[in-house]
Each structure stands twice: as structure tokens, then as C-alpha cells.
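Trainee: I am new to this one. Could you walk me through it, please?

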Amino acid sequence: MRHKVKITVIQKECYADLQSQYLANPNSGPCPMFEVGQQFILDSRGFQTMNGGNFCMEAWDAINRYVYAAMQGGSIMEGWTNDEKMMIACCNDGTRPVIFKIERLDEE
């Protein structure tokens with residue numbers, strides 16, 4: 001069995017109070033890299049290249065362990081989510097996090 005992974009942007013947050021207090025540009029706003037509903041389907045080649053370089057490095061750093069586990073056919077978070085083939089995770093940006101749904105797609 002082969003596996004692919006679908007990554008879906010399910011939510012974007014923006015904490016303007018934290019941005020105004022801590023960022024060099026207090027009007028940074030929400031993440032410009034992703035849009036809610038955006039989807040990425042990755043195979044092993046896409047995993048190795050961060051979807052051809054079209055994925056934010058910070059977000060990739062936060063979620064790639066879950067993508068890798070799914071790509072290998074493993075349980076992403078057994079006992080944590082209601083479906084072991086799915087995980088909800090977010091990027092590391094503390095003032096404008098993006099929340100992702102990561103799903104293992106099994107193929108014969």
C-alpha cells in the first residue's frame with residue numbers, strides 16, 4: 001500500500017495585540033502564505049521538497065513530523081484524535097498561526 005498526505009488549511013488566526021506589542025512591524029496582519037480551504041496533496045517527492053518549495057518553512061518545521069508518519073503509513077496521533085489517520089496541528093508563528101488538518105491517504 002502506498003500513502004499520500006493531504007494538508008488542508010482550516011483556520012488562520014491573527015493576534016493584533018501581540019503584534020503591536022512585540023513585532024518590528026506592528027501591522028503585520030494575518031499570514032500571507034496560506035488561505036483557509038487551501039489544500040496540498042503530497043507524495044514522497046513532495047515531502048522531500050516541501051511541495052516544490054511552495055510551503056512556508058516555519059509551518060513545515062512544525063508539521064513535517066506528522067506528515068512523515070502518515071507518509072510511512074503510520075498512525076499520526078493514535079488515541080489523540082478521533083481518527084488515527086488525521087491530525088490537527090499549527091505553525092510556530094505565535095502572532096498569526098495557521099491551523100492545518102493533516103490526513104493520511106491510503107492507496108492500493
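Mentor: Happily; below we take the model's confidence, its sheet, its core and its salt bridges in turn.

Mentor: This is a predicted model, in which local features need pLDDT of at least 70, side-chain atom pairs count only at pLDDT 80 or more, and totals for chains, interfaces and linings use all residues. Residues are numbered from 1 along each chain as its sequence is written, and side-chain values use heavy atoms, with hydrogens and water left out.

Trainee: Which element has the lowest mean pLDDT?

Mentor: pLDDT is the predictor's confidence in each residue, from 0 to 100, and the chain averages 91. Helices (H or I, at least four residues) and strands (E, at least two) are DSSP runs, numbered from the N terminus. Helix 1 (residues 16-22) has the highest mean, 97, while the lowest, 69, belongs to helix 2 (residues 44-48).

Trainee: In what order do the strands of the sheet lie?

Mentor: Two strands pair if DSSP finds at least two bridges between them. Strand 1 (residues 2-12) pairs with strand 4 (residues 98-107) over 10 bridges, and with strand 2 (residues 39-42) over 4. Strand 3 joins strand 4 through 5 bridges. The open, antiparallel sheet therefore has the order 2-1-4-3.

Trainee: Which element gives the most to the largest nonpolar core?

Mentor: A nonpolar core is a set of buried Ala, Val, Leu, Ile, Met, Phe, Trp, Tyr and Cys residues joined through side-chain atoms within 4.5 Å; buried means under 20% relative accessible area, exposed over 50%, partly exposed in between (1.4 Å probe, protein chains only). The largest has 25 residues, and I7, F34 and I63 are among those with the most contacts inside it. With 8 residues, the top contributor is helix 4.

Trainee: How many residues apart in sequence are the parts that E107 and K4 tie together?

Mentor: The side chains of E107 and K4 meet in a salt bridge (3.8 Å, N to O), a term for a side-chain nitrogen of Lys or Arg within 4 Å of a carboxyl oxygen of Asp or Glu. E107 is partly exposed at 29% relative accessibility, and K4 is partly exposed at 25%. Because E107 lies in strand 4 and K4 in strand 1, the parts they tie together are apart in sequence by 103 residues.

Trainee: Is E103 buried or exposed?

Mentor: E103 forms a salt bridge with K101, and K101 counts as partly exposed at 28% relative accessibility. Salt bridges that share partners join K6, K101 and E103 into one network. At 18% relative accessibility, E103 counts as buried.
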